[in-house]
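Thanks for coming, everyone. Please take a look at the screen, and then I will walk you through what is there.

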Amino acid sequence: MISVRVPRRWRCLRGERGSATVTGLATIAAMLIVLSGLLLVAGTMAARSQAQTAADLGALAAAQALQRSGAPCTVAGGVVRANGGEVSECAVAGEEVVVTARVPVRWLGRTAGFHSVASARAGPGG
């Protein structure tokens, strides 16, 4: 059997065995927390974009329905639902329609528990 003598200056490091493992695990945990936060921000941005699209299209459809003397808020609700949102407010003022849509934020494949909201206004130019 071969015996290896450990130099004196390295003997103080015996209590440090496994510290690289702990440091590595802490680093991985921190990276997972940061990645999780970035995914939540990305989900919020995607929901905001979807809500704005739904509100824009709903407002345009409602304004067109108003010009044809239909039910603008009913039409807006159908268009917003078709785009993955729900109408939280629909107001008609003269020839203008304001539609507010909200879309749930998705995070890691499920609803995060809050919504992104966007509003749009449409009517004849002038």
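Let me start with one residue: is Arg102 buried, partly exposed or exposed? Arg102 is partly exposed, with a relative accessible area of 29%. Keep Arg102 in mind; we come back to it shortly.

One caution before going on. This is a predicted model. Every value you hear from me is computed from that model.

Now the overall layout. The protein has 3 helices and 3 strands. Along the sequence, the pattern reads α-α-α-β-β-β. The protein has 126 residues, and 21% of them are buried. About 8800 Å² is exposed, with carbon and sulfur atoms supplying 60% of that. What about contacts across the sequence? Take the contacts between residues at least 6 apart: 49% of these join residues at least 24 apart.

Next, the strands. Strand 1 and strand 2 are antiparallel, paired over 7 bridges. Within that pairing, Val92 sits opposite Val97 of strand 2. The two strands form a hairpin with 2 residues between them. In this hairpin, Gly94 has a positive phi near 70°.

Back to Arg102 and its partner. Arg102 and Glu86 form a salt bridge through their side chains, at 2.7 Å from N to O. Arg102 belongs to strand 2, residues 96–107, and Glu86 to strand 1, residues 86–93. The two are 16 residues apart, and the pair links distant parts of the chain. Glu86 is partly exposed as well, at 37% relative accessibility.

How many salt bridges does a search of the whole structure find? The answer is 2. The other pair I want to show you is Arg121 with Glu96. Their closest N and O atoms are 3.0 Å apart. Arg121 is in strand 3, residues 110–122, while Glu96 is in strand 2, so this salt bridge ties together parts 25 residues apart in sequence. Arg121 is exposed, at 58% relative accessible area. Glu96 is partly exposed, at 31%. As general background, side chains of opposite charge can pair when their charged atoms come close.

Now to the inside. The largest nonpolar core has 12 residues. Among them are Ala54, Ala55, Ala76, Val80, Val97, Val99 and Ala120. Which elements each supply at least two residues of this core? Helix 2, helix 3, strand 2 and strand 3 do. Helix 2 gives the largest share, with 5 residues. A second, separate core has 5 residues, including Ala47, Ala51, Val105 and Ala118.

Zoom in on Ala120, a member of the largest core. Setting aside neighbours within four places in sequence, Ala120 contacts Gln52, Ala55, Asp56, Ala59, Val97, Val98 and Val99.

Then look at Gly43. Gly43 is in helix 2, and it counts as buried at 13% relative accessibility. Beyond residues up to four places away in sequence, Gly43 touches Val105 and Arg106. Thr111 is 68 residues from Gly43 along the chain, yet their C-alpha atoms are separated by 9.8 Å.

Let us move to the surface. Which residues form a nonpolar patch there? They are Leu25, Ile28, Leu32, Leu35, Leu39 and Leu108. Together they have about 590 Å² of accessible area. Leu39 is in helix 2, which spans residues 19–67. Leu39 is partly exposed, at 39% relative accessibility. Leu108, by contrast, sits in the loop between strand 2 and strand 3. Leu108 is exposed, with a relative accessible area of 53%.

Leu108 also brings me to backbone angles. Most residues other than glycine have a negative phi. Leu108 has a positive one, near 55°. Ser69 has a positive phi too, near 50°. Where is Ser69? Ser69 lies in the loop between helix 2 and helix 3, the latter being residues 72–82. Ser69 is exposed, at 66% relative accessibility.

To recap, three places to revisit on the screen. First, the salt bridge of Arg102 and Glu86, joining strand 2 and strand 1. Second, the 12-residue core, with its largest share from helix 2. Third, Leu108, which is part of the nonpolar surface patch and has a positive phi.

That is the tour. I am happy to take questions.

Methods. Residues are numbered from 1 along each chain as its sequence is written. This is a predicted model: local features need pLDDT of at least 70, side-chain atom pairs count only at pLDDT 80 or more; totals for chains, interfaces and linings use all residues. Side-chain values use heavy atoms; hydrogens and water are left out. Helices (H or I, at least four residues) and strands (E, at least two) are DSSP runs, numbered from the N terminus. Buried means under 20% relative accessible area, exposed over 50%, partly exposed in between (1.4 Å probe, protein chains only). Contact means heavy atoms within 4.5 Å. Accessible areas come from the Shrake-Rupley method with a 1.4 Å probe; for residues, only the protein chains shown count as cover. A salt bridge is a side-chain nitrogen of Lys or Arg within 4 Å of a carboxyl oxygen of Asp or Glu. Patches are made of residues with over 30% relative accessible area and no salt bridge: like charges are joined within 9 Å, nonpolar side chains (Val, Leu, Ile, Met, Phe, Trp, Tyr) within 5 Å. Two strands pair if DSSP finds at least two bridges between them. A nonpolar core is a set of buried Ala, Val, Leu, Ile, Met, Phe, Trp, Tyr and Cys residues joined through side-chain atoms within 4.5 Å.
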